[in-house]
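Here is a short report on one protein chain. Keep the sequence and the 3D view open while you read.

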Amino acid sequence: GNWIFLPAAGYRNGDSIDDVGSYGHYWSSTVNDSNNNDAYGLRFDSSSKGTYGSYYRAYGHSVRPVAE
């Protein structure tokens, strides 16, 4: 089976890094057409498998390259 490891790396919020060890925040390559300030990404914590949603682009979420 295929799998990928996504650490709970948190996100950058200005000069601080929040949620490290508690949440994973990862960008996709898709900008929200309805609001260019947002882009789509994945968010998860220890109790969820992940939520794909639209998030404020100014936050420093992680990017995980994946080869096909």
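## A starting point: D19

D19 is partly exposed, because its relative accessibility is 28% and the partly exposed class runs between 20% and 50%. This value, like every other here, comes from a predicted model. Find D19 in the loop between β2 and β3. Its backbone has a feature worth checking. D19 is not a glycine, yet its phi is positive, at about 65°.

The side chain of D19 also has a partner. It makes a polar contact with the side chain of H25, at 3.4 Å. We will come back to H25 below.

## The whole chain

Now step back. The protein chain has five strands and zero helices. Read from the N terminus, the order is β-β-β-β-β. The C-alpha trace spans about 35 × 30 × 20 Å along its principal axes.

How much of the chain is buried? Of the 68 residues in the protein chain, 24% are buried. The accessible surface comes to about 5100 Å². Carbon and sulfur atoms account for 47% of that surface.

Next, look at contacts along the sequence. Take those between residues at least 6 apart in the protein chain: 29% of them join residues at least 24 apart. Charges can be summed up too. The chain has 5 positive and 7 negative charges, and their mean positions are 5 Å apart.

## Two hairpins

Strand β3 covers residues 23-31, and strand β4 covers residues 38-45. They pair in the antiparallel sense, over six bridges. A hairpin of six residues joins β3 to β4. To see the pairing, find Y26, which stands opposite L42 in β4.

Strand β4 has another partner. It pairs with β5 in the antiparallel sense, again over six bridges. Here A39 stands opposite Y55 in β5. The hairpin between β4 and β5 has five residues between the strands. G50 sits in that turn, with a positive phi of about 130°.

## H25, inside strand β3

H25 lies in strand β3. Is H25 buried or exposed? H25 is buried, because its relative accessible area is 4% and the cut-off for buried is under 20%.

Which residues does H25 meet, beyond its neighbours within four places in sequence? The contacts are G10, Y11, D19, L42, R43, H61 and S62. D19 is on that list, and the polar contact of 3.4 Å joins the same two side chains. L42 is listed as well; this is the residue that Y26 stands opposite.

## N32, in the loop after β3

N32 is found in the loop between β3 and β4. A loop residue can still be buried, and N32 is one: it counts as buried because its relative accessibility is 10%.

What does the side chain of N32 reach? It reaches the backbone nitrogen of S34 at 2.8 Å. It also makes a polar contact of 2.9 Å with the side chain of S54. Leaving aside neighbours within four places in sequence, N32 is in contact with D38, A39, Y40 and S54.

N32 can also be placed against V63. The two are 31 residues apart in sequence, and their C-alpha atoms are 17 Å apart.

## V20 and Y56

V20 lies in the loop between β2, residues 16-18, and β3. V20 counts as exposed, because its relative accessibility is 54% and exposed means over 50%. Not counting residues up to four places away in sequence, V20 touches A8, A9 and G10. G10 is also a contact of H25. V20 and F44 are 24 residues apart in sequence and 12 Å apart in space, C-alpha to C-alpha.

Y56 is found in strand β5, residues 51-56. Its relative accessible area is 44%, so Y56 is partly exposed. Not counting residues up to four places away, Y56 touches W27, N37 and D38. D38 is a contact of N32 too. Between Y56 and N32 there are 9.8 Å from C-alpha to C-alpha, and the two are 24 residues apart in sequence.

Definitions and conventions. Residues are numbered from 1 along each chain as its sequence is written. This is a predicted model: local features need pLDDT of at least 70, side-chain atom pairs count only at pLDDT 80 or more; totals for chains, interfaces and linings use all residues. Side-chain values use heavy atoms; hydrogens and water are left out. Helices (H or I, at least four residues) and strands (E, at least two) are DSSP runs, numbered from the N terminus. Buried means under 20% relative accessible area, exposed over 50%, partly exposed in between (1.4 Å probe, protein chains only). Contact means heavy atoms within 4.5 Å. Accessible areas come from the Shrake-Rupley method with a 1.4 Å probe; for residues, only the protein chains shown count as cover. Lys and Arg count as positive and Asp and Glu as negative; His and the chain ends are not counted. The place of a charge is taken as NZ of Lys, CZ of Arg, CG of Asp or CD of Glu. Two strands pair if DSSP finds at least two bridges between them. A polar contact is a pair of N or O atoms within 3.5 Å; within protein, one must be able to donate a hydrogen and the other to accept it, and residues adjacent in sequence count only if both atoms are side-chain atoms.
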